[in-house]
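Colleague: Please show me the model, and then let us discuss some of its strands and helices.

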Amino acid sequence: MSAANDRMNAAAVPQGDAGPGWGVGPELRQVLAALGAGLSREGGEPDLQGIFERELQRALAVRTVRLREIPPRYQARLVTPTRTPDSIVLGVPSSDPRVQAVLEASTGPDRCLDDRDQALLSAAAELGGLVLEAARSRPRIRATVQPTASLVGSTPVMQALRERVERVAVTDFTVLVEGESGTGKELVARQLHDISRRRNGPFVAVNCAAVVETLLEAELFGIEERTATGVRGRRGKFEHADGGTLFLDEVSDLSLSAQAKLLRAIQDLAVERVGGVGSKRVNTRIVVATNRPLSEMVARAQFRADLYYRLSGVEIHVAPLRQRREDIPELARYFLNRHRGTRQLTLSVAAEDALRLYAWPGNVRELERLMERAVALTGCDRVELDDLPPHVRGDYGTVIGPALATGDSMRAWGSRYARLVFERCGGNKRQACRVLDISYHTLQAYLRYADRSLSKSPTPLPAWAAPGQANGEESGGPP
Ligand SMILES: Nc1ncnc2c1ncn2[C@@H]1O[C@H](COP(=O)(O)OP(=O)(O)O)[C@@H](O)[C@H]1O
Ligand SMILES: [Mg+2]
């Protein structure tokens with residue numbers, strides 16, 4: 001019996017099911033049965049949201065059904081429920097007040113939505129709340145079950161990033177990932193795909209900066225057979241990504257004309273091959289990345305404003321490594337560990353400290369390469385300060401290196417440092433005490449010690465230590 005017949009029977013014979021006087025039983029039972037079957041199926045995680053949408057659409061004989069979360073920035077504008085003759089939007093209950101979700105349904109021109117449809121969909125919206133709840137908690141469960149989650153880092157910045165990725169992954173919105181080169185933008189895009197309901201579909205990455213302008217259109221949208229002599233027809237990346245995620249890296253490098261084409265493709269979610277007639281619909285989630293702030297490029301007329309607004313609805317910012325320094329040792333160990341099959345290396349305290357102080361202009365990618373270098377070159381099974389390249393040792397090497405070489409005592413070090421701070425404070429002892437966090441008496445002792453050993457200084461001092469510094473020598477002095 002067709003779904004439409006079911007509906008008529010249900011309407012004719014109210015069965016006391018949920019809904020004010022309407023028999024909403026058979027349709028919802030059908031949806032529930034499909035969800036149950038999905039849950040009990042072996043292997044992989046069920047796409048409950050997809051099952052829910054498909055079954056409800058079939059049961060109600062409508063054209064489309066969508067169940068989705070609304071990103072916070074759009075929530076204020078949303079008024080639910082809304083009903084027109086051929087569409088309806090209903091609020092979906094959520095246990096988290098920050099999350100707003102809706103159930104949308106629309107019909108073709110040949111069918112109008114009536115009160116019974118609304119009653120059915122209202123009941124379905126309650127069920128939808130449960131489905132979304134399950135979808136939201138799944139990535140979290142995955143993250144705890146699989147400690148190999150590849151976005152490494154424990155700083156609040158990284159925790160917030162992971163949370164954002166998980167939240168955004170359950171939606172189908174276009175995502176803009178911004179951040180300096182090497183911060184992990186592509187990794188974020190892959191994570192978005194891996195924990196989304198598209199994870200069994202393809203993840204297709206295109207580096208827009210690496211494709212020659214004249215070939216870009218064919219690369220993205222495909223080309224029809226024999227468009228030019230000898231040209232073989234092929235699918236573009238949009239089509240390759242059908243059912244999955246399309247990652248467009250370095251979108252800021254697209255020419256203005258390529259931007260126009262991309263805008264059209266994103267808006268219509270349909271692509272037209274070069275030399276083709278008519279367009280083909282594609283079902284792909286688009287994630288774009290840029291290492292140049294697009295808003296600034298829009299201001300300079302280097303990036304189309306309309307495309308920018310289309311892309312920037314949901315943004316994810318990946319912070320540079322120097323703004324999350326506490327993650328550096330964890331990442332360094334993570335990269336060393338990846339090669340534990342080859343060698344088991346640890347980091348010395350000094351090397352770790354130097355890594356933490358370095359500025360990392362190449363971000364995580366630079367750290368990853370450096371750890372690979374260490375695996376290849378380090379002599380013993382611990383990475384020492386001297387195993388790091390000079391530019392990474394940097395100030396750390398300049399400051400600590402000479403002291404290490406001469407075997408400075410703590411006292412010699414302390415007095416040298418105290419003398420320097422004292423001079424930087426313009427000879428103001430009280431201020432120097434505050435900066436050094438020591439007592440007046442201790443400062444006096446340090447300064448006496450420094451002055452005494454001043455005349456005997458045989459070792460060249462690093463540049464930062466202004467003239468008048470002492471090298472280490474033990475002979476009575478500060479504590
Ligand atoms: N948080 C992270 N945890 C583990 N590996 C990371 C992390 N961030 C970046 N990486 C690694 O660093 C390298 C550069 O990351 P990538 O995503 O290509 O950067 P971007 O796209 O921003 O230039 C990749 O090998 C990636 O796996
Ligand atoms: Mg990249």
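Colleague: Are the residues on the two faces of strand β9 buried or exposed?

Modeller: This is a predicted model, in which local features need pLDDT of at least 70, side-chain atom pairs count only at pLDDT 80 or more, and totals for chains, interfaces and linings use all residues. Residues are numbered from 1 along each chain as its sequence is written, while chains are lettered from A and ligands numbered from 1 in the order in which they are written. A residue is buried if 20 or more other C-beta atoms, placed from the backbone, lie within 10 Å of its own, exposed if 12 or fewer, and partly exposed in between. Thr 245, Phe 247 and Asp 249 on one side of β9, and Leu 246 and Leu 248 on the other, are all buried.

Colleague: Which residue in β12 is the bridge partner of Leu 248?

Modeller: Strands (E, at least two residues) are DSSP runs, numbered from the N terminus, and two of them pair if DSSP finds at least two bridges between them. Strand β9 (residues 245-249) and strand β12 (residues 285-290) pair in the parallel sense over 4 bridges. In β12, the partner of Leu 248 is Val 288.

Colleague: Which residue stands opposite Leu 248 in the pairing of β6 with β9?

Modeller: Strand β6 (residues 203-207) runs parallel to β9, and 5 bridges join them. Opposite Leu 248 stands Val 206.

Colleague: At roughly what angle do the axes of helices α2 and α3 cross?

Modeller: Axes are lines fitted to C-alpha atoms, for helices (H or I, at least four residues) over the stretch in contact, and angles run from 0 to 180 degrees between N-to-C directions. The axes of α2 (residues 25-40) and α3 (residues 48-60) come within 9 Å and cross at roughly 155°.
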